[in-house]
Structures are given as structure tokens and as C-alpha cells.
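Got your viewer open? Let's take a short walk together, one selection at a time.

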Amino acid sequence: MAITKKQKEARAKIDRSKVYSLGDASALVKEITNVKFDASVDLAVRLGVDPRKANQMVRGVVTLPHGTGKDVKVLALVTPDKEAEAKEAGADYVGLDEYLQKIKGGWTDVDVIITMPSVMGKLGPLGRILGPRGLMPNPKTGTVTMDVAKAVQEVKAGKIDFKVDKTGIVHAAIGKVSFDAKKIEENANELIQTLIKLKPTAAKGAYIKSIFMSSTMSPSVAVDEKSVS
């Protein structure tokens, strides 16, 4: 595949023989992003765990101090007595049976679904639609709760959930290139520090194996994992 002139220019700005501090990487990612839209900034952290073993699964949530920069669309699947609370908290879509029918028909035009424990039984049959898209609510990520208003507000403010994939990598969008470098650095550090706190006791050897930062369509920048541990 041919490399464009802009891609060549971006790659030329990265010294492949070195790893960058989190602050330098945050500034460099902004510099090497040449797309015309406000690209996402992504972090990929390789962990020294075996995700096939239940006692080495790493999963959690983090509230990024400066948000994600994305307008997160939230669906609150709640009973009528919780509808006003969800709407006031900022949920984009609020209801129950009518949205369950829409999802059954293939509609998934939301980023996060928040629901209540009593409603989870109705969501079970929709697992094959919601599961692959990462939309199935889960008590561990705070998306199955009686405090619907708080959950909606946290998601809107920049709360994200993450999960190590089968290759041992956690991928997460941690901001936009329009953010200043300091905000990108602080968001990235918040995620990394959360991952460190979640280190499984069964994980042996180096835990944070590598960290790479990139933006949509940009090359990746290697981050010195020793600078953030």
C-alpha cells in the first residue's frame, strides 16, 4: 500500500530508536496528525497477563479528567418511575419496551446503554446484538445500577470502560487532537495509573510491557513505560 506524502512527513518526525515520555508523546501525536477532522487520540497498553485465565483478566472503568471530547450518546433503559431522572441527567434516549423492540430490529445507534437490575432479564435475549458491539450493560462498569442519574452523568463527563483483549492489550480513546498536550497527557496517565492499580496478583514479571499512543490514521509513538509506573 502506497504511503502518502503526509504519512511520510509524519513518520519522519518520529525517532523510532527512542521511547518518549508521556508528555512528549502527547505533544508529538498532535504534531503528526494531518487529517481534516478532530481525530481521536488512542492509547494501546500491552499488559503482562494471560487473559485466558480468569484470575488475570483486567477490566475496569476510569473517569478521564478532561473527558473524551466525544459527545457520548446514552440510552437509559428504565422503568417509567426512573424516566424523568434519566432525562434530567442528560440521557439522549429514555424508555424501555419501545427501545428493546428497536434494538431487536437492529438499531444500535448509541455509545452506552445504562439500565437497572430489574431490567437486565429483558436484555438477555439481545446479547447477540449488544455483546459484539460492546453495548451490553454490566454491573462491573457501573451501567447496571439503581442510581441511573449518577451513571448517566459520569458517562457524559468522560467515564469510559476498558477490558484487556485476547492478545493482552487494552485499547482506549483518551481524547481528541484538539485537546492541548497537557490534557492528553493527564487523561492518558489517569488510564495508566488505573491499570496499574488493577494489576492481578497472579500476574508475574513485567506488568506494563509497552505503551503506544496514536491518533486516527497517524503512526504510533512509543511511550517509555518506566516514566509512568
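How many Å separate the centres of domain 1 and domain 2, taken over C-alpha atoms? The model you're looking at is a predicted one, and in it those two centres lie 27 Å apart.

**Stop one: colour the two domains.** Select 16-68 together with 159-223 and give them one colour: that's domain 1. Then pick 74-156 for domain 2 and choose another colour.

**Stop two: the place where they meet.** Zoom in on the boundary between your two colours. Here four residues of domain 1 are in contact with six residues of domain 2. Between them, the domains bury about 520 Å², with carbon and sulfur atoms giving 48% of that area. Now show Arg59, Val61 and Lys159 as sticks: this trio supplies 85% of what domain 1 buries against domain 2, more than any other three residues.

Stay with Lys159 for a moment and add Glu154. Lysine 159 and glutamate 154 form a salt bridge, and their closest N and O atoms are 3.1 Å apart. The count of salt bridges between the two domains is one. As for polar contacts, two residue pairs make them across this boundary.

Switch to cartoon view and look for the strands on the domain 1 side. β2 (59-63) and β6 (159-163) each supply at least two residues of the side that touches domain 2. What classes of residue make up that side of domain 1? You'll find three charged residues, one nonpolar and no polar ones.

**Stop three: Asn187.** Follow the chain to helix α8, residues 181-197, where asparagine 187 has its place. Is asparagine 187 buried or exposed? Its relative accessibility is 0%, so asparagine 187 counts as buried. Show what's around this residue: leaving aside residues up to four places away in sequence, asparagine 187 touches Leu64, Pro65, His66, Gly67, Ile174 and Phe179. Zoom in on Ile174, whose backbone oxygen lies 2.9 Å from a polar atom of the asparagine 187 side chain.

**Last stop: Asp147.** Go to the loop between α6 (127-130) and α7 (148-157), and there you'll find aspartate 147. This residue has a relative accessible area of 38%, so aspartate 147 is partly exposed. To finish, draw a distance line from the C-alpha atom of aspartate 147 to that of isoleucine 211. The two residues are 64 apart along the chain, and their C-alpha atoms are separated by 35 Å.

Definitions and conventions. Residues numbered from 1 in each chain as written. Predicted model: local features only at pLDDT ≥ 70, side-chain atom pairs only at ≥ 80, totals over all residues. Heavy atoms only, no water. Domains from an automatic or database assignment. Contact = heavy atoms within 4.5 Å. Buried area = accessible area lost by both parts, 1.4 Å probe. Salt bridge = Lys/Arg side-chain N within 4 Å of Asp/Glu carboxyl O. Polar contact = N/O pair within 3.5 Å; in protein donor to acceptor, adjacent residues only side chain to side chain. Helix = DSSP H or I, 4+ residues; strand = E, 2+ residues; numbered from the N terminus. Nonpolar A, V, L, I, M, F, W, Y, C, P; charged D, E, K, R; others polar. Buried < 20%, exposed > 50% of the residue type's maximum accessible area, 1.4 Å probe, protein only.
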